[in-house]
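Have the model open and ready to rotate as you read. We'll start at one side chain and work outwards from there.

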Amino acid sequence: MRTMWAGHGKKKWRRHVADVVACFIAALEPDDIVIGGGNVKKLDALPPHCRAGDNANAFRGGFRLWEKDAALPRAGWRSKPAA
C-alpha cells in the first residue's frame, strides 16, 4: 500500500505525520490521539500523546464524535470570554 507521501521517502513522511499531529494537538487539545491504519507500523516511534489503534474501531470512534455527550465542554472550558 502506498501512502500519499510514498514518493517523498519514509523520513519525510514520518516528519509530516509528526507535523500534522502537532497541529492537531494545538488546535483541538485532545487528551490523546489514536493513529490507525496499516502505515502506523512504518513509524519508528509514535509522536507524544499518541497510540496505535485498530482500524476495527474507526467507525465506532467516528460515531462517538457525534454522540450528544461527546459535545459537552470539558472542565475549564469557557463558552464566553472572561470579563
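Which residues does Leu 43 touch, leaving aside those up to four places away in sequence? With those neighbours not counted, Leu 43 is in touch with Trp 13, Arg 14, Val 17 and Ile 35. Keep that list in mind, and keep in mind too that this is a predicted model.

Let's step back and get the layout. The protein chain has two helices and two strands, and reading along the sequence you meet them in the order α-β-β-α. Helix α1 covers residues 10-28, and the strands β1 and β2 cover 33-35 and 50-52. Residues 24 or more positions apart make up 33% of the contacts in the protein chain with a separation of 6 or more.

Now back to Leu 43 and its company. The largest nonpolar core has eight residues: Trp 13, Val 17, Val 21, Ile 33, Ile 35, Val 40, Leu 43 and Cys 50. Both α1 and β1 supply at least two residues of this core, and α1 gives the most, with three. In soluble globular proteins, nonpolar side chains tend to be buried together. Trp 13 is a good one to click on. This residue sits in helix α1 and has a relative accessible area of 10%, so it counts as buried, the cut-off being under 20%. Trp 13 is also 29 residues from Lys 42 in sequence, while the C-alpha atoms of the two are 9.6 Å apart in space.

How much of the protein chain is buried overall? Of its 83 residues, 13% count as buried. The accessible surface comes to about 7,400 Å², and carbon and sulfur atoms hold 58% of that.

On to the charged side chains. Side chains of opposite charge can pair when their charged atoms come close. How many salt bridges does the structure hold? There are two. One of them joins the side chains of Asp 44 and Arg 14, with 3.4 Å from N to O. This pair links distant parts of the chain, since Asp 44 is in the loop between β1 and β2, Arg 14 is in helix α1, and 30 residues separate them. Is Asp 44 buried or exposed? Its relative accessible area is 68%, so Asp 44 is exposed. Arg 14, at 23% relative accessibility, counts as partly exposed. You've already met Arg 14, by the way, as one of the residues that Leu 43 touches.

The other pair is Asp 32 and Arg 51, whose closest N and O atoms are 2.7 Å apart. Here too, distant parts of the chain are linked: Asp 32 lies in the loop between α1 and β1, Arg 51 lies in strand β2, and the two are 19 residues apart. Both ends count as partly exposed, because Asp 32 has a relative accessibility of 37% and Arg 51 has 45%.

Finally, take a look at the backbone in the loops. Glu 29 is in the loop between α1 and β1, and its phi is near 50°, a positive value in a residue other than glycine. His 49, in the loop between β1 and β2, also has a positive phi without being glycine, near 65°. Where do their side chains stand on exposure? Glu 29 has 53% relative accessibility and therefore counts as exposed, and His 49, at 56%, is exposed as well.

How values were computed. Residues numbered from 1 in each chain as written. Predicted model: local features only at pLDDT ≥ 70, side-chain atom pairs only at ≥ 80, totals over all residues. Heavy atoms only, no water. Salt bridge = Lys/Arg side-chain N within 4 Å of Asp/Glu carboxyl O. Helix = DSSP H or I, 4+ residues; strand = E, 2+ residues; numbered from the N terminus. Buried < 20%, exposed > 50% of the residue type's maximum accessible area, 1.4 Å probe, protein only. Contact = heavy atoms within 4.5 Å. Areas by Shrake-Rupley, 256 points an atom, 1.4 Å probe, with all protein chains shown as cover. Core = buried A, V, L, I, M, F, W, Y, C linked by side-chain atoms within 4.5 Å.
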